[in-house]
Amino acid sequence: MKVQSVAVFCGSQPGNNPVYAEHARELGKLLSILGIKLIYGGGNKGLMGEIANAVLKEGGDIMGVIPKVLIEWEQQHTGLKELAVVPDMHTRKKMMYEMSDAAIVLPGGFGTLDEFFEMLTWNQLKIHDKKIFILNSAGFYKSLIAHLNKMQAEGFLYSDYSDRIIICDNPKEVFNKIE
């Protein structure tokens with residue numbers, strides 16, 4: 001299946017390592033060049049702002065989905081042609097999952113991990129079968145990957161997580177594996 005849109009989950013903070021923002025911008029540029037629509041959280045700060053601004057700069061297609069409660073917190077992106085304001089986080093996540101063909105997880109905080117694990121759980125339960133890519137910028141997810149390996153080794157996973165998750169170290173690697 002050709003990927004036409006991706007949900008990108010990432011931080012509304014930039015993080016401390018400049019490579020996180022660099023990778024977000026590079027990913028946004030690659031999405032635009034390949035004609036893949038970005039579905040993201042609708043914010044204008046942190047890595048969310050970086051990827052959105054890169055897509056817009058390249059003339060790419062983008063859809064923001066933001067809950068009412070986060071409009072002020074995340075500073076909704078005012079440059080978007082498509083921005084859905086939804087009642088809550090659950091609606092946001094469900095809408096992003098439904099609109100996308102795959103997901104890419106960049107560095108982020110609690111919200112990013114929540115989105116990642118919910119999508120992964122839905123995948124395991126066969127609610128969807130979308131591929132999930134982890135962009136492991138500067139080894140950000142090294143500890144999480146080690147924990148996933150521990151969960152697997154200890155018999156807590158129903159199948160090999162690598163059937164669902166593709167781990168990449170840079171944006172170009174994502175696009176070498178996405179289709």
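This report describes the sheet, two of the helices, the salt bridges and two unusual backbone angles of a structure that is a predicted model.

## The sheet

Seven strands make up an open sheet, and their order across it is β4-β3-β2-β1-β5-β6-β7, with parallel pairing. At the edges lie β4 (83–86) and β7 (165–168), each of which pairs on one side only. From one strand to the next, the twist averages 20°.

Strand β5 (residues 102–105) is a good place to look in detail. With β1 (residues 5–9), strand β5 pairs in the parallel sense over 4 bridges, and V6 has A102 as its bridge partner in β5. With β6 (residues 131–135), strand β5 also pairs in the parallel sense over 4 bridges, and here the bridge partner of A103 in β6 is I132. Between β5 and β6 the chain passes through helix α5 (residues 110–124), and this β-α-β crossover is right-handed.

Which way do the residues of β5 point, and are they buried or exposed? A102 and I104 point one way from the strand, while A103 and V105 point the other way, and all of them are buried.

Elsewhere in the sheet, β3 and β4 run parallel and are joined by 4 bridges, with V65 standing opposite A84 in β4. Two helices that pack on the sheet can be added to this picture. Helix α2 touches β1, β2 and β3, and its direction makes about 155° with that of β2. Helix α5 touches β1, β5, β6 and β7, and its direction makes about 150° with that of β6.

## Helix α2

Helix α2 (residues 46–57) consists of 12 residues, and the distance from its first C-alpha to its last is 17 Å, which is close to the 16 Å expected at 1.5 Å a residue. Its buried residues are G46, L47, M48, G49, I51, A52, A54 and V55. These buried residues pack against strands β1, β2 (37–40) and β3 (62–67), and also against helices α1 (18–33) and α4 (89–99). After the helix comes G59, a residue whose phi is positive, near 75°.

## Salt bridges

Side chains of opposite charge can pair when their charged atoms come close. How many salt bridges does a search of the whole structure find? The search finds 7, and the table shows three pairs from this structure, including the distance between their closest N and O atoms.

| Pair | Closest N and O atoms | Place of the two residues |
|---|---|---|
| E50 and R25 | 3.0 Å | E50 in helix α2, R25 in helix α1 |
| D114 and K93 | 2.7 Å | D114 in helix α5, K93 in helix α4 |
| K93 and E118 | 2.8 Å | K93 in helix α4, E118 in helix α5 |

E50 forms its salt bridge with R25. Because E50 belongs to helix α2 and R25 to helix α1, this pair ties together parts that are 25 residues apart in sequence. E50 counts as partly exposed, since its relative accessibility is 26%, and R25 is likewise partly exposed, with a relative accessible area of 39%.

The other two pairs in the table share K93, and together K93, D114 and E118 are linked in a network of salt bridges. D114 forms a salt bridge with K93, and this pair links distant parts of the chain, 21 residues apart. K93 also forms a salt bridge with E118, and that pair again links distant parts of the chain, 25 residues apart.

Where do the members of this network stand between buried and exposed? The cut-off for buried is under 20% relative accessible area. K93, at 3% relative accessibility, therefore counts as buried, and E118 is buried as well, with a relative accessible area of 17%. D114, in contrast, is partly exposed, with a relative accessible area of 35%.

## Two loop residues with positive phi

Most residues other than glycine have a negative phi. Against that background, two residues of this chain deserve a second look. K126 is not a glycine, yet its phi is positive, at about 65°; this residue is placed in the loop between α5 and β6. At 69% relative accessibility, K126 counts as exposed. A138, which is not a glycine either, has a positive phi of about 55°, and its place is in the loop between β6 and α6 (142–153).

Notes. Residues numbered from 1 in each chain as written. Predicted model: local features only at pLDDT ≥ 70, side-chain atom pairs only at ≥ 80, totals over all residues. Heavy atoms only, no water. Buried < 20%, exposed > 50% of the residue type's maximum accessible area, 1.4 Å probe, protein only. Pairing = 2+ DSSP bridges. Right-handed = clockwise from strand over helix to strand, strands pointing away. Expected span 1.5 Å × (residues − 1). Contact = heavy atoms within 4.5 Å. Axes fitted to C-alpha atoms, helices over the stretch in contact; angles between N-to-C directions. Salt bridge = Lys/Arg side-chain N within 4 Å of Asp/Glu carboxyl O.
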